[in-house]
Amino acid sequence: MAVDAARSEEGFTSAGATRVMVAACRAAGLDDRDAELIRLGENALFRLASAPVIVRVARGKEWLPKARTEVAVSGWLAEEGFPAARIVGDLEQPLLVEGHPVTFWHLIVEGDRKATYGELGGVLRDLHSLKLPEGLELPSFEPFDKQELRMERAVIPPDDKVFLRKRWRELQDKYAELRFETPKGPVHGDAHVQNLMVDDRGEVILIDFEAFCYDHPEWDLMVTAVEHHSLGWQTDEQYADFVAAYGRDLYDWPGYETLRGLQEFGMTTWLMQNVQEDEETAAEYRRRIAGLRNDDAPRDWRPW
């Protein structure tokens with residue numbers, strides 16, 4: 001595909017992502033008419049009206065290796081029979097359109113309930129028990145790999161960028177001191193409960209593999225531990241179900257506070273990419289940056 005990388009990441013908006021989605025569908029022989037934007041975050045996700053397909057548009061060419069990883073991981077998990085999102089197998093993937101990697105996924109028809117935290121703990125326990133096949137090369141977990149681009153390109157006040165760069169350097173120093181005692185294995189890399197879907201048959205399905213890696217399992221436990229202990233997004237009962245299903249509470253680990261800092265930083269810089277979309281997103285970003293500036297303050301962050 002033709003590439004126009006110069007404008008791929010800069011100003012990634014719903015309108016620009018829609019233009020890329022249309023071009024990608026036409027290249028793949030799919031009908032883009034009446035496609036619906038269902039999410040704009042690290043990627044833009046579109047549901048096609050013409051076929052049971054989700055089109056995933058990444059922010060820029062820098063995300064191409066991650067898109068390739070997603071496709072490879074989906075194929076491997078399908079071979080394992082693991083309940084996970086499936087790529088559309090008869091299409092060339094990923095496409096590169098105007099500097100944006102694009103992938104196509106089978107639509108998961110949702111049932112009438114959301115996944116539970118106990119189910120998340122069980123899925124992660126099962127995932128971490130898998131053995132990687134020969135030939136599947138996965139990166140290590142990289143908590144800083146997107147942050148520099150995010151800070152450089154986000155439309156935020158200059159003093160926020162100065163603060164974030166200082167915090168970024170501090171977190172890198174703390175990260176260098178982390179000591180893990182667990183063996184490495186397959187890690188989802190963004191293991192929150194919203195990355196589970198329950199289909200219309202009641203099966204719990206793991207989605208979103210762009211951060212998938214080969215590393216220590218703590219990175220997958222970090223997300224829910226921080227959401228509970230720092231942000232209060234789950235009840236004590238919900239978190240207890242997660243811990244019981246997985247078999248470990250990361251809060252008891254000496255490295256938890258470092259992982260908390262990394263997770264909160266990532267959650268803030270992820271959101272700040274879209275402050276230009278609407279005032280609601282901008283207001284939530286302001287809440288999060290205020291929290292980062294005061295480590296001891298209560299977190300009144302909202303799930304996004």
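Trp219 is tucked away in this predicted model: at 1% relative accessibility, Trp219 counts as buried, because the cut-off for that label is under 20%. Tyr175, at 27% relative accessibility, counts as partly exposed, since that value falls between the 20% and 50% cut-offs. The model contains ten aromatic pairs. Tyr175 and Trp219 make up a tilted one, with 6.0 Å from centre to centre and 50° between the planes. This pair ties together distant parts of the chain, as Tyr175 sits in helix 5 (residues 158–176) and Trp219 in helix 6, 44 residues apart. Phe209 and Phe212 give an edge-to-face pair, with centres 6.2 Å apart and planes at 90°; both of these residues are buried. There is also an aromatic cluster, made of Phe141, Phe144, Tyr175, Phe180, Trp219 and Trp253.

Helix 6, the home of Trp219, is worth a look as a whole. Eleven of its twelve residues are buried, so helix 6 is largely enclosed by the rest of the structure. Besides Trp219, the buried set takes in charged-looking names on paper such as Glu218, Asp220 and Glu227, along with Leu221, Met222 and Val223, among others. What do the buried residues of helix 6 pack against? Their partners are helix 3, helix 5, strand 6, strand 9 (213–215), helix 7 and helix 8. The length of helix 6 also checks out: at 1.5 Å a residue, its twelve residues should span 16 Å, and the end C-alpha atoms are 15 Å apart, which agrees.

Helix 3 (residues 117–128) tells a related story. At 1.5 Å a residue its twelve residues should span 16 Å, and the end C-alpha atoms do sit 16 Å apart, which agrees. Nine of the twelve residues are buried, so helix 3 is largely enclosed by the rest of the structure. Among the buried ones are Tyr117, Leu120, Val123, Leu124 and Leu127, as well as Gly118, Gly121 and Gly122. These buried residues pack against helix 2 (64–80), strand 6, strand 7, strand 8 (204–206), helix 6 (218–229) and helix 7 (236–246).

His192 touches both of these helices' residues: leaving aside neighbours within four places in sequence, His192 is in contact with Leu120, Val223 and Glu227. His192 lies in the loop between strand 6 (185–187) and strand 7 (196–198). Is His192 buried or exposed? At 16% relative accessibility, His192 counts as buried, because 16% is under the 20% cut-off. The side chain of His192 also makes a polar contact of 3.1 Å with the side chain of Gln194.

Next come the nonpolar cores. In soluble globular proteins, nonpolar side chains tend to be buried together. Here the largest nonpolar core has 70 residues, and Leu77, Leu164 and Phe209 have the most contacts inside it. Helix 8 (residues 256–272) gives the most to this core, with eight residues. Apart from this core lies another, of 20 residues, among them Phe12, Leu40, Val53 and Val102. Leaving aside neighbours within four places in sequence, Phe209 is in contact with nine-odd partners including Thr69, Val73, Leu77, Trp105 and His188.Finally, a word on confidence. The protein averages a pLDDT of 92, and 96% of the residues score at least 70. Over residues 1–10, pLDDT stays under 50, and the model has 32 contacts beyond four places in sequence for this stretch.

Notes: Residues are numbered from 1 along each chain as its sequence is written. This is a predicted model: local features need pLDDT of at least 70, side-chain atom pairs count only at pLDDT 80 or more; totals for chains, interfaces and linings use all residues. Side-chain values use heavy atoms; hydrogens and water are left out. Helices (H or I, at least four residues) and strands (E, at least two) are DSSP runs, numbered from the N terminus. Buried means under 20% relative accessible area, exposed over 50%, partly exposed in between (1.4 Å probe, protein chains only). A polar contact is a pair of N or O atoms within 3.5 Å; within protein, one must be able to donate a hydrogen and the other to accept it, and residues adjacent in sequence count only if both atoms are side-chain atoms. Contact means heavy atoms within 4.5 Å. The expected span of a helix is 1.5 Å times one less than its number of residues. A nonpolar core is a set of buried Ala, Val, Leu, Ile, Met, Phe, Trp, Tyr and Cys residues joined through side-chain atoms within 4.5 Å. pLDDT is the predictor's confidence in each residue, from 0 to 100. Rings of Phe, Tyr and Trp (its six-membered ring) pair if their centres lie within 6.5 Å; planes under 30 degrees apart count as stacked, over 60 as edge-to-face and the rest as tilted.
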